[in-house]
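Take a slow walk with me through a protein model. Keep the 3D view open and turn it as you read.

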Amino acid sequence: MHIQSRSFDHPDAVKLNDEVQLEYAERYGDEGDVTPLDPSMFRPPNGLYLLGYDESGTPVATGGWRTQDRNDEGYSDGDAELKRMFVTRDGRGQGLARRILAALEADARAAGRTRMVLETGNQQPEAIALYTSSGYTPCEKFGYYRTYESSICFAKPLQES
């Protein structure tokens, strides 16, 4: 897989975002993730959006992080929020999400962020397994879905040990 930085509104990012939204709708029986997102949120140094391409140049994986600081949605100063982690059905089981996650963590750390946070849902056991096996632990709920029963939030310190 070749990982490249792209804008959140790049055509390949839009294509994968549409796919992940369909999957969210299937799993939760709703319209997908309606968290307000804007391409500017993922522009360095305040964020990054990555796409992973297979050997034929097809986009197969995506993910990004955006800067968050203390606010009324429950974030803390120094947070980097993980968004839109997704691997296509054909790309799953090859460690692609783990590679995207590691690249995003390294970039957020280099940008001075101190904690990576993410929100996922109870109908995404694969995501929960990825995050817990990557050192994430449950934390107090934050963000757009913080009041939803199905929401599960995780955090991981980004400081070097």
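What follows is a tour of pockets, rings and a few residues worth finding. Keep in mind that this is a predicted model.

Let's begin with the empty space. Rolling a probe the size of a water molecule over the atoms shows where empty space is left. The largest pocket comes out at a volume of about 860 Å³. Its lining is made up of 37 residues, and the ones nearest the pocket's centre are Y24, M85, T120, Q124 and A127. Which elements give two or more residues to that lining? They are the helices α1 (11-28), α2 (96-110) and α3 (125-133), together with the strands β4 (79-87) and β5 (115-121). Strand β4 gives the most, with six residues. If you sort the lining by class, you get 16 nonpolar, ten polar and eleven charged residues.

Since β4 has come up, stop at one of its residues: R84 sits in this strand. Is R84 buried or exposed? Its relative accessibility is 6%, and because buried means under 20%, R84 counts as buried. Leaving out residues up to four places away in sequence, R84 touches F8, N17, V20, Q21, D33, L37, Y49, T62 and G63. With one of these, D33, there is also a polar contact from side chain to side chain, at 2.8 Å. For a sense of spacing, look back eleven residues along the chain to E73: the C-alpha atoms of E73 and R84 are separated by 19 Å.

The backbone of R84 deserves a look too. Most residues other than glycine have a negative phi, and most peptide bonds are trans. R84 isn't a glycine, yet its phi is positive, about 55°. The peptide bond between P44 and P45 also goes its own way: this bond is cis, with omega at about 5°. To find P45, go to the loop between α1 and β2 (47-53).

Next come the aromatic rings. How many aromatic pairs does the structure hold? There are seven. One of them brings together Y75 and F142, whose ring centres are 5.0 Å apart; their planes meet at 50°, so this pair is tilted. Trace the chain between these two and you'll see that the pair links distant parts of it, 67 residues apart: Y75 is in the loop between β3 (59-68) and β4, while F142 is in the loop between β6 (137-138) and β7. Both Y75 and F142 are buried. Another pair, Y144 with Y145, is edge-to-face, with 4.9 Å from centre to centre and 75° between the planes. What about exposure in that pair? Y144 has 36% relative accessibility and so counts as partly exposed, whereas Y145 is buried, at 12%. Elsewhere, ring pairs join F8, F42 and Y49 into a cluster. You've met F8 and Y49 before, among the residues that R84 touches.

Those rings lead us to a closed space. The model has one cavity of 30 Å³ or more, and the volume of the largest cavity is about 40 Å³. Around it you'll find T35, R66, Y75, E81, K83, E119, F142, G143, Y144 and Y145. By class, that lining has four nonpolar, two polar and four charged residues.

Finally, move on to S151, which lies in strand β7 (residues 151-157). Its relative accessible area is 4%, so S151 is buried. What does S151 contact, once its neighbours within four places in sequence are set aside? The list is E119, T120, K141 and Y145. The side chain of S151 makes a polar contact with the side chain of E119, at 3.0 Å. A polar atom of the S151 side chain also lies 3.4 Å from the backbone oxygen of Y145. Both E119 and Y145 may ring a bell, as they line the cavity you just visited, and T120 is one of the residues nearest the centre of the largest pocket.

Technical notes. Residues are numbered from 1 along each chain as its sequence is written. This is a predicted model: local features need pLDDT of at least 70, side-chain atom pairs count only at pLDDT 80 or more; totals for chains, interfaces and linings use all residues. Side-chain values use heavy atoms; hydrogens and water are left out. Helices (H or I, at least four residues) and strands (E, at least two) are DSSP runs, numbered from the N terminus. Buried means under 20% relative accessible area, exposed over 50%, partly exposed in between (1.4 Å probe, protein chains only). A polar contact is a pair of N or O atoms within 3.5 Å; within protein, one must be able to donate a hydrogen and the other to accept it, and residues adjacent in sequence count only if both atoms are side-chain atoms. Contact means heavy atoms within 4.5 Å. On a 1 Å grid over the protein atoms alone, a cavity is a set of points where a 1.4 Å probe fits but cannot get out, and a pocket is an open set with protein on both sides within 12 Å along at least five of seven lines; lining residues have an atom within 4 Å of a point. Grid points are joined across faces, edges and corners, and a volume is the space filled by probe spheres set on the points. Ala, Val, Leu, Ile, Met, Phe, Trp, Tyr, Cys and Pro count as nonpolar, Asp, Glu, Lys and Arg as charged, and the others, Gly among them, as polar. Rings of Phe, Tyr and Trp (its six-membered ring) pair if their centres lie within 6.5 Å; planes under 30 degrees apart count as stacked, over 60 as edge-to-face and the rest as tilted.
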